[in-house]
Amino acid sequence: MILACQAISKAYGDVEILKNVSFHIEERDKLAVVGINGAGKTTLLRIILGELTPDNGTVVRARDITVGYLSQHQDISFQNTVYGEMELAKHYLVEMEQKLRSLEAEMKHSQGEELEKILESYNRLSTRYDRENGYAYESEIAGVLKGLGFSKSDYDRDINSLSGGQKMRIALGRLLLSRPDVILLDEPTNHLDMNSIRWLEGFLSGYQGAVIVVSHDRYFIDRVSNQILELEHGTSKLYRGNYSFYREQHEKQRQDEMKAYLNQQAEIKHEEDVIRKLKSFNREKSIKRAESREKLLDKVERIDKPLQLNDKMRLTLTPVTESGEDVLFAEHLKKSFGDNLLFQELGLDIKRGEHVALIGGNGTGKTTLLKILSRRIPKDEGTVTLGARVRMGYFDQENQDLDPEKTLFDEMSDTFPDMTNTRIRNVLAAFLFTGDKVFMKIKELSGGERGRLSLAKLMLSPANLLLLDEPTNHLDIQSKEILEDAIRDYTGTVLYVSHDRYFINQTATRILDLRHKVLTSIPGNYDDYEENREKLFRLQNEDNPYADTTRAETDSGFSIVSTEAYEQETSGGGRESYLQRKEAYARQRKQASDLRKLEKQIASAEEELEAIDKEMNLPENGTNAALLTELTERQQKLEEQLLAWYEELESFGED
């Protein structure tokens, strides 16, 4: 056990946020804390960190463990460069390296007993430096920066010139590089794109220390965690497994609890009926028997009705009319803003009943494409055709369908006059609007709250084609699951943009990947996409010049393409286009060959460095100054060469 919470309780005024919360973690455990907004997740992290004092209970840490924390909101105004700030996390290695160089200089001018003392100090420090991965800390920094979306050109940038999201990534990178025994992360994926999130998943899964994470990203939790701590109405429950295991067990437990409650209620009702009947006989013996049974019934320990959060929060999407088989067809679409060409010769074909997720990196044009398809902005070229009987509903983050002067309740009741007040309140509650909040004016809501209200309206619309732009933004896990159930059961057609991979996994029947100005269609959900995208991209023969123009990031930073997308983009390209692509393909093959050669050189150098380290640490070599000096010089040359090769390797991943 490296950290434990024992009977932690915390209240704010009359509201008890945490009640006797207890759990412990071992080394390398990955614990995810889940619960609705306001359940006390961040409060628990701050208590563990020591920023808050619990009203009752204690936090126990093993001796000498270090704890690192990334909060959702923190002041990040470092007077440093991007690389310099990362290097600060490894300052102790920099100091050790400087000390080693100093000892090496002293060796050259020492002899006898003095030299032996220097060599002894050098060997101890060198062993520790090696154990702390000192010879590779620069490549570790480069790897973390690349994983978080920074290129070499960003290394010398002033941190204060970065965006808020980039600063948060710097704070995350610095924390990861410091490698504390326990990492506390509060919504770490908020400022990361999908590539960076995938990288972070891999980093944390292999992390030697323990991790406690609060996140609404269920796919992330699923990939990283081996334990789930659920906070609900102040109480806690621990599940030993990932998020999928937790959700399955949680639902089963709910059903078992409800079954036990209903069975007891039936038994109580039966006993009450018997008592009532005995009393109705109005005879002394029957009344005594009734009273005796009443006493026994009073002693029964009543089971509380389980909290069924979704009992009154289920959304049913039912299209008023069914569309034709062909719902949405587009071809030869082109869109640019000034010199920024987002895409061209883009085409898609969506059929009735499909639930299609549109994914891609930031700035690739996903939202723009959705707005073109919904006719909110003009296209530069191409055509968009809606099928027969298609009624479109659109959701975006601008909330242009809301009257700021109306209350939430009036907005819903005016839009849906046939809906009962109870139904309106239930729908609003499903999107986190409860109590007196339903009578607030829309202009008083935050941007996220207005987005949730627009989504609630759309879910009740008669549309049979829904276009949704980031529908799960600002929703907690409970509300996301309600929306997932509604879309999964929806018989109409859905096209949506989302970064929520768990949501995509639960709702998508097909994925469109918008990358490098073209679309690639991949059947199935997000798991299918992860499993098959590279395989589909490599369908073409290696020597086939008609390689697809949809480039996919590989582990080495390369891009491969599929024949289908190639045919889409080159339908009128002619011989000139063919020759250009053939030449590009030849360059790509040479680059791949150069990469393989470079990786072999790096592997060989790393092996040689390991051999040198072992030789330097042999006891019989401890007093051989000449040999140690020779080994040190070889080591320095290899490290310099290796750094150059690492930099060259970095360049392969740059577009």
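**Helix α4, overall fold and one cavity**

In this predicted model, helix α4 covers residues 112-131 and contains 20 residues. Its first and last C-alpha atoms lie 29 Å apart. That is close to the 28 Å expected at 1.5 Å a residue.

Which residues of α4 are buried? The list comprises Leu115, Ile118, Leu119, Tyr122, Asn123, Leu125, Ser126 and Tyr129. The positions in this list recur along the helix at short intervals, as in Leu115, Ile118 and Tyr122. An α-helix has 3.6 residues a turn, so residues three or four places apart point the same way. After α4 comes Asn133. The phi angle of Asn133 is positive, near 65 degrees.

The protein as a whole has 655 residues, and 49% of them count as buried. Its secondary structure consists of 20 helices and 20 strands. Contacts between residues at least 6 apart in sequence were also examined. Of these contacts, 67% join residues at least 24 apart. The exposed surface of the protein amounts to about 32,700 Å². Carbon and sulfur atoms supply 46% of that area.

The interior was then searched for cavities. One cavity of 30 Å³ or more was found in the whole structure. The volume of the largest cavity is about 40 Å³. Its lining is made up of Leu317, Thr318, Leu458, Met459, Ser461, Ala463, Leu466 and Tyr490. Six of the lining residues are nonpolar and two are polar. No charged residue takes part in the lining.

Definitions and conventions: Residues numbered from 1 in each chain as written. Predicted model: local features only at pLDDT ≥ 70, side-chain atom pairs only at ≥ 80, totals over all residues. Heavy atoms only, no water. 1 Å grid on protein atoms, 1.4 Å probe; cavity = no way out; pocket = protein on both sides within 12 Å on 5 of 7 lines; lining within 4 Å. Points joined across faces, edges and corners; volume = space filled by probe spheres on them. Nonpolar A, V, L, I, M, F, W, Y, C, P; charged D, E, K, R; others polar. Helix = DSSP H or I, 4+ residues; strand = E, 2+ residues; numbered from the N terminus. Buried < 20%, exposed > 50% of the residue type's maximum accessible area, 1.4 Å probe, protein only. Contact = heavy atoms within 4.5 Å. Areas by Shrake-Rupley, 256 points an atom, 1.4 Å probe, with all protein chains shown as cover. Expected span 1.5 Å × (residues − 1).
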